[in-house]
Each structure stands twice: as structure tokens, then as C-alpha cells.
Amino acid sequence: MRKIAVLTVVAFSVAMLFSSLAFAARKTIIKIGINAPLTGDIPKVGEGTKYAAQMWLEDIEKAGGLEVGGKKYDVELVIEDNESKAESAVKANTKMISQDDVLAIIGPQSSKQAVPAGEVANKYKTVMISPWSTNPDTTLDRPYVFRGCFLDPFQGPVVANFITDEFGFTKAAVLYDVASDYPKGLAEVFKDAWEAKHGAGSVVAYESFTTKDTDFSSQLTKIVKSGAQVLFTPQYYNEVPLIVSQAKNLGWEGPIVGSDSWGSAELVELCGEACYGLFFSSHYAAAGAKGATKAFIDRYEKTYGYTPDDVAALTWDSLQLAQQAIQDAGKLTGRIEKDREAVRDALTRIEDFDGITGKMTFTEEGDPIKCAVIVKINNQGEFEFYGSSCP
Amino acid sequence: MGIAKKFQQVFSTVPMLGWFLGILTAVLIEYFWGYDYISYYLGLPKIPVLFGALIMLKEPMMIPGALAYDLIVYVIPVLAVAKLSSVFTNPGAALLEKLPLWLSAVIHLVCFYAILHLWAGINDYRVLVVKLTLVSIILTVSVNVINGYQGEFSCSHPGFMALGAYVSSILTLVLFTNDKIFGTALLPPSLGPYLFPLVLVAGGAAAAIGSLAVAIPSFRTRGDYLAIISLAFMFIVKSAVENLNFIGGARGMGGQPDLAPLPVIFFWTLLCIWVIHNFVTSILGKALNTVRDDEAAAESMTVKTRKTKMTAFMFGAFWAGIAGGLFAHVLTYINPGMFSINRLAEILAMVYFGGLNSIVGSIVGAVSINVLGEALRPLELFKWIIIPLILIFVMIFRPYGLISFTEINAKKLLEAKHKRQQGVSP
């Protein structure tokens with residue numbers, strides 16, 4: 001026993017002495033934190049985030065580091081799992097800021113984590129860009145918090161206008177999850193926008209259910225009977241197939257329109273032909289994309305074997321924004337507080353940033369002004385660009 | 001085995017005070033030399049925050065460095081100082097022994113807090129982990145009153161926590177902050193820290209009143225009914241909050257003032273442990289145990305079983321409400337999704353892991369599940385395989401949890417240890 005103990009100690013000391021890490025001077029490394037839901041309710045979102053981040057890092061490494069003010073710096077990603085829980089997202093942010101000294105944080109994706117995590121980032125004066133969070137509170141009164149996507153108050157009217165212009169309908173039905181923050185918010189915004197256009201009472205059915213419900217027949221029967229011409233359902237990709245197939249079984253014949261939460265590769269897999277020909281609003285369309293967007297999609301497909309969701313594309317854009325801001329900051333002093341502030345100032349100055357999900361300029365709140373895309377699920381089950389709407 | 005025995009023999013002469021001194025030395029070493037010298041020469045980017053667990057799992061290259069750091073900063077100084085200082089810490093402990101036990105305990109606790117504060121203060125991430133762990137301790141001890149001492153199976157603790165969190169958050173938002181839901185503050189925000197205890201108690205009281213909704217219908221019977229009713233209660237609270245738009249609904253409620261710094265939470269945790277300890281060792285607590293073991297016999301021995309059960313249930317719910325209030329003010333954001341089935345699983349894991357019918361067990365359970373959960377986070381998905389596996393093994397080998405049905409004897413823990421050395425049998 002004693003021999004083993006002594007041997008272990010000796011082995012460790014030798015390993016320490018000859019390890020390349022010992023006595024190495026601390027270098028200035030640019031660290032970017034990724035706060036992603038790798039486990040928990042929405043692991044697919046976390047996976048997309050992680051993959052996009054790894055692709056970005058690959059590019060940087062290929063270029064031999066990130067050049068800031070004529071000097072190349074090594075870049076490191078700190079990927080933390082927030083378990084899709086608010087308190088874990090707060091812990092992850094605190095850890096990355098106080099322990100890992102990250103220069104900027106990308107994430108968390110869902111609003112329920114991004115709102116409390118944004119508080120932490122703002123408190124410690126560190127730039128945080130949430131690629132996917134649509135809740136206005138995420139960036140409200142927080143100078144250090146930004147986002148990479150448009151907000152619900154913009155998306156709702158876009159969908160309402162699209163339906164009116166495309167089909168000329170005047171009566172709409174809404175089906176949404178009352179227990180989930182995002183669908184509920186968007187349903188409300190859509191209702192307001194629709195009624196502003198077509199007069200009070202033009203939303204003839206406004207039905208709700210609770211997360212994890214799988215039977216929507218009573219709500220859908222009401223919707224079918226209400227005489228609505230179109231059904232708007234801002235639900236997640238795992239619920240949409242159930243809603244669509246049940247609606248069709250109950251005799252619904254009108255179009256069903258959705259929002260950016262539909263935009264997952266899983267949707268068509270789960271839904272099959274029932275979803276062909278439907279429309280939803282989103283951040284970008286994979287099929288028929290051009291230029292940098294196409295390059296990103298092709299590369300992602302080649303590396304990971306499936307078409308990237310909008311989360312991956314938005315994460316990619318957020319990382320590019322962070323990179324741009326770091327480079328615009330001019331030079332890194334090595335004093336992390338100062339550098340973070342410089343990055344924040346540079347980020348607010350970015351104008352007409354050309355991302356793969358469209359051109360972006362930040363408002364004073366840290367929300368981007370960018371276009372929404374209307375996507376059609378074509379007969380091959382691909383997400384096809386149909387039209388776009390800009391503010 | 002030989003080494004362990006020898007180790008125990010050598011260090012059996014160190015009193016609690018000696019260990020404190022050792023840990024204090026380690027923390028001071030870390031505080032003054034940890035970043036600039038020790039971690040620098042060991043090639044570590046920074047002070048390893050949770051004894052290097054995070055960095056070791058993330059970058060295996062750092063394992064020797066992190067282990068060496070632990071050895072240099074923690075293991076060697078703690079052991080050396082504890083052993084060498086026993087020359088004068090033992091007389092010190094003997095001196096304290098002459099004081100009343102409560103005073104000696106208070107002195108020890110103050111020392112403990114000072115060390116904890118210093119250790120956590122090195123990094124803000126540590127502060128957050130310690131805060132959430134302390135909140136978990138309150139929660140676990142309060143569940144133990146119902147699931148352990150009372151022997152029922154209650155599932156409504158997330159619901160009580162939600163009640164406490166929402167009521168106290170609404171109060172602080174109405175009283176001390178200008179926010180967009182409730183408008184301008186009614187009282188000057190500087191009063192916040194002074195009135196915060198009242199706010200917390202109000203949250204706890206709300207939870208206790210809410211618990212009546214479970215207690216009144218379910219304590220007419222025994223067995224599984226409580227589990228089902230309490231589970232329903234949890235979902236009722238969650239759905240109710242989701243549908244109440246004026247407190248944010250599913251979007252949640254944010255912007256609570258930061259009224260829960262580490263000392264405040266530590267104080268409440270101590271208060272909770274002390275009060276619950278007194279409760280379960282009181283006549284009422286003994287009555288509660290008899291009700292658990294045999295309700296008919298207890299009734300025939302003039303124990304008012306129904307009243308006893310209701311009191312204990314409300315008492316447990318009250319402390320869950322306090323924990324909820326503290327939790328809300330640590331995170332400064334709450335949403336109904338936080339107080340759902342996941343939280344329940346976490347709470348029950350802490351209670352059954354640590355041990356039923358024991359306050360020390362609850363503390364051990366809360367601390368170990370929290371620290372494990374934090375330390376294994378870099379493993380991502382495998383974390384959710386390892387922790388349940390540990391739980392299964394605990395259930396197989398210690399069906400009532402790690403430390404169950406026992407309490408630590410404070411007097412024995414704090415006494416001077418030199419008597420044994422002189423051959424006086426303990």
C-alpha cells in the first residue's frame with residue numbers, strides 16, 4: 001500500500017516537471033463562452049449550437065488565430081451545459097465570467113434561461129449575445145446583452161400580413177401552448193396584429209393547451225367549427241406534426257401557418273407529407289439559399305449529416321458578430337474588464353452586418369433590425385424561400 | 001486498511017478547532033498565493049474553483065497540475081496545521097468546553113462562517129454555488145420533516161417553494177423596486193434588507209396556508225393518498241401561476257432586488273436547522289415519530305394524530321416557502337417551469353440520498369447532490385448516468401440513505417481530544 005502511494009506521488013511529480021504546461025507563462029487567449037442546453041428538454045438545440053461553434057473555431061484555427069490590431073491571438077471555446085434550466089444557465093454564466101475569463105458569451109438559446117443569464121452578464125459587464133431568445137426582457141435595460149434574432153412583436157405582424165396578402169383571408173384561428181413562454185407571447189402578438197387589420201372578433205377561435213398534451217381534438221373541433229379560414233400555431237417542431245395530422249383528420253382543409261419554432265430538420269421527419277405545402281416565418285431558408293448561407297449549409301451538412309436548423313445559423317451569425325466586435329475593438333490590453341467594455345462598444349457600432357440570416361444593425365436595446373423570411377415546405381420536404389418581409 | 005487506521009490514530013487528537021485552523025490556513029494560502037504563485041507554477045490558468053474537478057474533467061492534461069494544487073494548497077497545510085496546532089487548540093477547546101454548549105457552538109459556527117466566506121469570496125462562482133447549496137439544505141431539511149420524521153410521501157414541495165418564491169418576490173417588487181409590473185416602489189429601497197426577513201416569513205406563511213389544501217383532505221386517510229394529492233397540488237400551483245398574467249405567467253418574473261447575500265442565506269439556513277432540530281426533538285416531534293411508526297398505538301396513547309400531522313406538514317411547507325423566497329432572490333428571476341417535476345426529482349433525490357429522519361443526513365444529501373451536479377457538469381450527458389447510478393447504489397447498500405436515523409452529538413464533536421491521549425477512556 002505504502003509503495004503504491006509513494007510511486008503515485010513520484011509519478012505525478014515527474015509528470016508535472018516534464019509536462020509542457022508547467023512553468024509556462026500565461027498567454028492572452030481569447031475565450032468565447034457558449035452557454036447551450038446540451039442536456040434537458042431541447043438537446044437538439046444545444047447540439048446545433050455546439051456544432052456551429054465548433055465550425056467557427058475550425059475556421060479561426062485554420063487562419064492561425066484571431067487577428068486583433070495586427071496581432072494574432074489563440075481562441076478557445078468554453079462550452080457549458082445549462083441543462084435547459086434557469087439556475088444552471090446562471091451558474092454557467094457566472095462560472096464562465098469569473099473563472100474562465102471569457103471575453104464574450106454566446107447563448108443561452110431559450111428565453112427562460114436567457115433572461116436570468118442576461119442579468120448575470122450585465123452585472124459583470126460582459127457581452128452576451130443570445131442567438132435565439134425572443135423575449136423582450138432579455139435585452140431590456142441591459143447594455144451588455146444583445147440578441148441575434150428578431151422579436152415576437154415583429155414576427156407576429158409579419159405572419160398576419162403574409163396571410164392577408166397571400167390568401168386574402170379575414171378569419172383566423174390560433175392554437176397555442178399556454179404554459180410555454182414563447183408560443184403564448186407570439187399567439188398574443190399575432191392576435192393583436194390580426195385584429196388590428198381585420199377588426200375585433202376576426203380571430204374566431206383562440207384555443208390553448210398545456211405543454212406535453214398530445215391530444216388536441218377538442219380544441220381542433222372548435223376551430224374547425226368556428227369557420228376560420230387559416231390556423232396559426234406557433235408551436236415547437238415536436239408538437240406541430242400532431243396538430244397538423246389531427247387537424248386533417250378532423251376535416252380541417254385550410255392552410256396551417258407557423259412561426260420560427262417550426263424550423264427544425266426534425267419537423268419533416270416527424271410530420272411527413274402532411275406538412276408539405278405549409279408556410280412558416282423564420283430567420284432563414286435552407287433550400288435555395290445562395291452565397292455564404294449556402295456555403296454554411298453545405299459545410300454543416302457535410303460535417304454533421306443533416307441540414308442546420310435556424311438555431312445553428314443564428315449561433316453562427318452571433319459568433320461572427322462577436323468576432324467582428326473583437327476585431328473592431330482595435331487591440332486587446334489583456335485586462336479583461338477593459339477588453340470586455342471595448343468589445344461591447346464595438347458591437348454597438350456595427351452597422352449592416354452581413355450575416356447568413358440577413359443584414360443586421362443593433363438598436364439601442366441590443367436587438368437587431370433584420371428581415372423575416374417566409375418559408376414554404378415544398379414537396380420534397382425541404383424548407384424553401386418563399387418571400388421576405390423587412391421592417 | 002493499515003494506512004487508513006494509522007491516519008485515524010494520528011489525527012484523532014485534533015479537535016474541531018484544530019481542523020478549522022488548518023482549513024483557515026489553506027484558505028489563506030489560496031487567497032494570498034493561489035493565483036500569483038501556486039497555480040501559475042503548476043501551469044493552471046486560474047485557481048481551480050471546485051478543487052479542480054471542473055478543469056480535470058474538461059482537460060485531462062491538467063490533472064497532474066490540479067491534483068498538485070489540491071495537495072499543496074489544501075491537503076498538506078490542513079493536515080500539518082491541524083496536527084501541529086493540536087498542542088494549543090486542545091487547551092483552547094477545553095476552555096470552550098467550560099462555556100455553555102450553545103455559546104461554544106456559536107463560536108464554532110462564527111469561525112466556520114468566516115472561513116466559508118473567505119473561501120467563497122475568492123471567486124463569485126463559488127459564492128453562487130454555496131448560496132444555492134444552502135438553499136437546497138433548507139429545502140431538504142424541510143422535506144425531511146414530512147418524508148422522514150412523519151413518514152409520509154409528499155410530492156408538493158416544489159409547489160410550496162413556488163408559493164414562497166412568488167409571494168416574497170411580489171412583495172419585494174411592490175415594496176422596494178420600480179418595475180413595470182407593479183409601478184413605483186412603495187417604500188424606500190434602502191429599507192429592503194431590514195424588511196426582507198418579514199417578506200420571507202410572509203412567503204413561508206403563504207406556503208403553510210397553501211399546504212392546508214393538501215393536508216385537510218389527505219390526512220383523513222393514510223398511505224398513498226397524500227402522494228397523489230400533493231402531486232396534484234404541485235401541478236395546480238404551476239398551472240395557476242402560468243395562467244396569471246399579472247405576475248408574468250409562463251414568461252416568469254424578474255428584477256427582484258438582490259437582497260440575499262451569503263451571510264443572510266447562511267443565517268436563515270442555521271435558523272432553519274436549529275428550529276427544525278428543536279421541533280423534531282420536542283414532544284411534538286416525538287409524537288410525530290410515534291404516528292409514523294403506529295398510528296393506532298399513538299392514538300391510544302393520547303397523541304392527537306391529526307393535529308400532529310397537520311402541524312408538521314404546515315411546518316415543513318413553511319420552510320419550503322422560505323427556501324423558495326431565498327431562491328428567487330438569489331437568481332433574481334423565477335418562472336413556473338422551475339417548480340415542476342424536475343425540481344421534485346431533485347429534492348427527493350437529496351432527501352433519500354442523504355438519509356431519512358436525520359438533519360445531518362439532509363445536509364449531507366443536499367451538499368453532495370449539489371456539489372456532484374456542479375462538478376460533473378463538464379461530462380454533459382454522462383452526468384445524468386453517473387448521478388442516478390450513485391443513487392441506485394446508495395439505495396441498494398443503504399436503503400434509508402447515507403446517514404439515517406442518527407444525529408450528531410454536538411458536545412462530542414466540539415470537545416477537546418487530548419483526554420484519550422492521556423489514557424482516559426472516552
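Chain B and chain A each put 48 residues into their contact, where contact means heavy atoms within 4.5 Å. This is a predicted model, so local features need pLDDT of at least 70 and side-chain atom pairs count only at pLDDT 80 or more, while totals for chains, interfaces and linings use all residues. On bookkeeping, residues are numbered from 1 along each chain as its sequence is written, chains are lettered from A and ligands numbered from 1 in the order in which they are written, and side-chain values use heavy atoms, with hydrogens and water left out.

**The interface**

- About 4200 Å² is buried between chain B and chain A, with 54% of that coming from carbon and sulfur atoms; buried area is the accessible area (1.4 Å probe) that two parts lose on being put together, summed over both.
- On the chain B side, the biggest losers of area to chain A are R251(B), R377(B) and E380(B), which together make up 17% of what that side buries.
- Nine salt bridges are counted between the two chains, each a side-chain nitrogen of Lys or Arg within 4 Å of a carboxyl oxygen of Asp or Glu.
- One salt bridge pairs E374(B) with K91(A), their closest N and O atoms sitting 3.0 Å apart.

**Helix α6 of chain A**

- Helices here are DSSP runs of H or I with at least four residues, strands are runs of E with at least two, and both are numbered from the N terminus.
- Helix α6(A) covers residues 181-198, and its end C-alpha atoms are 26 Å apart, which agrees with the 26 Å that its 18 residues should span at 1.5 Å a residue; the expected span is 1.5 Å times one less than the number of residues.
- Its buried residues include Y182(A), L186(A), F190(A) and W194(A), buried being under 20% relative accessible area, exposed over 50% and partly exposed in between (1.4 Å probe, protein chains only).
- The cover over those buried residues includes α4 (111-123) and α5 (152-167) of chain A, along with α10 (225-243) of chain B.
- Right after the helix, G199(A) adopts a positive phi of about 90°.

**Two residues to look at**

- H108(B) sits in helix α6 of chain B (residues 101-121) and is buried, at 4% relative accessible area.
- Beyond residues up to four places away in sequence, H108(B) touches M16(B), L17(B), F20(B), L96(B) and L414(B).
- N379(A) lies in the loop between β16 (372-377) and β17 (383-389) of chain A, and counts as exposed because its relative accessibility is 61%.
- The C-alpha atoms of N379(A) and C275(A) are 9.1 Å apart, although 104 residues separate them along the chain.
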